[in-house]
Amino acid sequence: MKNDGLYVELGRRYRFAASHRLHTSQLTEAENDRVFGKCNNPYGHGHNYVLEVSLSGKVDPATGMIANLADLDAFVERHVLNEFDHHSLNEDVAAFREKVPTTENLCIEIFRRLQKFPHAKLERVRIQETGNNSFEYAGNREGHHS
Amino acid sequence: MILLTRKIEFSASHLYHNPNLSAEENRRIFGKCNNPHGHGHNYTLEVTVAGEPDPVTGMVLDLKELKEILEREVMQRMDHRHLNYEVPELAGQIPTCENIAQVIWKLLEPKITQGRLHRVRLYESPDLFADCYRNGASGAGN
């Protein structure tokens with residue numbers, strides 16, 4: 001397709017359910033309790049996370065697609081969902097042995113994993129932890145929205 | 001600057017098939033979207049216009065006018081239609097979200113005279129959508 005000055009992104013949402021506990025060994029028990037509140041409860045709790053992945057790239061005139069969804073779905077499943085869905089983020093994901101599994105850190109970890117998708121450019125990930133809060137990460141660059 | 005968004009829904013059928021590819025290639029690339037008699041979706045379209053509120057009316061643009069533009073340009077063309085066979089603007093293209101969003105952009109941009117079109121977001125399902133912007137206006141690294 002000719003370059004007509006338009007820019008297109010593909011957005012895809014995935015869902016996973018996982019447990020976590022916000023706790024850091026760098027703080028005392030009392031400080032953990034003060035900072036993280038009920039999210040620090042010792043046995044953890046869980047969320048239904050919604051992961052939104054945005055990709056950019058040329059729309060292939062033969063397929064009409066930025067990336068084939070089957071490729072994207074398989075990649076996200078292999079690199080994120082298999083390890084995260086119905087797991088404990090603290091216990092089952094190596095990146096969160098030391099780092100607190102807040103949704104901010106989850107965004108950064110998932111962005112790092114999906115950045116390796118070979119068929120399009122990862123623009124950002126957005127994660128909804130509950131219906132009332134969500135977080136976005138677009139890589140280590142100046143965030144600006146027009 | 002204010003961004004104002006209006007949402008509409010339409011239902012349409014489509015299929016993915018590229019006549020330049022073999023039947024096997026079409027099947028491999030497009031999977032069940034290649035089923036010969038097509039299938040359908042409830043599409044949700046979000047149209048975002050950017051501008052400054054008029055000091056007299058307090059509006060970026062008259063929402064009623066935007067609603068009429070969307071009715072004329074999108075609903076009448078696409079609602080309860082087969083996108084492959086009944087929408088000339090899509091002729092020769094695979095009617096993916098990416099392509100439909102660009103066609104809708106080109107239909108709407110010249111009609112929006114108050115404010116300017118900022119984003120067209122088209123959902124094919126709650127989990128799949130495409131965003132279309134004028135180059136450089138997305139805030140992303142394009």
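This dialogue goes through the contact between chains A and B of a predicted model, and then the make-up of chain B.

Student: What makes residues of chain A and chain B part of the contact, and how many does each chain give?

Tutor: Two residues are in contact if their C-beta atoms lie within 7 Å, and the contact takes 22 residues from chain A and 27 residues from chain B. On the side of chain A that touches chain B, strand β1 (residues 6-20) gives the most, with eight residues.

Student: What kinds of residue make up that side of chain A?

Tutor: The side of chain A that touches chain B divides into nine nonpolar, nine polar and four charged residues.

Student: Why are β1(A) and strand β5 of chain B called paired?

Tutor: Pairing asks for at least two bridges between the strands, and seven bridges join β1(A) to β5(B), residues 128-134; the two strands therefore count as paired. They run antiparallel, and R12(A) stands opposite L128(B) in β5(B).

Student: Which elements does chain B hold, and in what pattern do they follow along the sequence?

Tutor: Chain B comes to four helices and five strands, and its pattern, read along the sequence, is β-α-β-α-β-α-α-β-β.

Student: What makes a residue of chain B count as buried, and what percentage does so?

Tutor: A residue is buried if 20 or more other C-beta atoms lie within 10 Å of its own, and 34% of the 142 residues of chain B count as buried. The C-alpha atoms of chain B fill a box of roughly 60 × 35 × 25 Å, taken along the principal axes.

How values were computed: Residues are numbered from 1 along each chain as its sequence is written. Chains are lettered from A and ligands numbered from 1 in the order in which they are written. This is a predicted model: local features need pLDDT of at least 70, side-chain atom pairs count only at pLDDT 80 or more; totals for chains, interfaces and linings use all residues. Ala, Val, Leu, Ile, Met, Phe, Trp, Tyr, Cys and Pro count as nonpolar, Asp, Glu, Lys and Arg as charged, and the others, Gly among them, as polar. A residue is buried if 20 or more other C-beta atoms lie within 10 Å of its own, exposed if 12 or fewer, and partly exposed in between; C-beta atoms are placed from the backbone.
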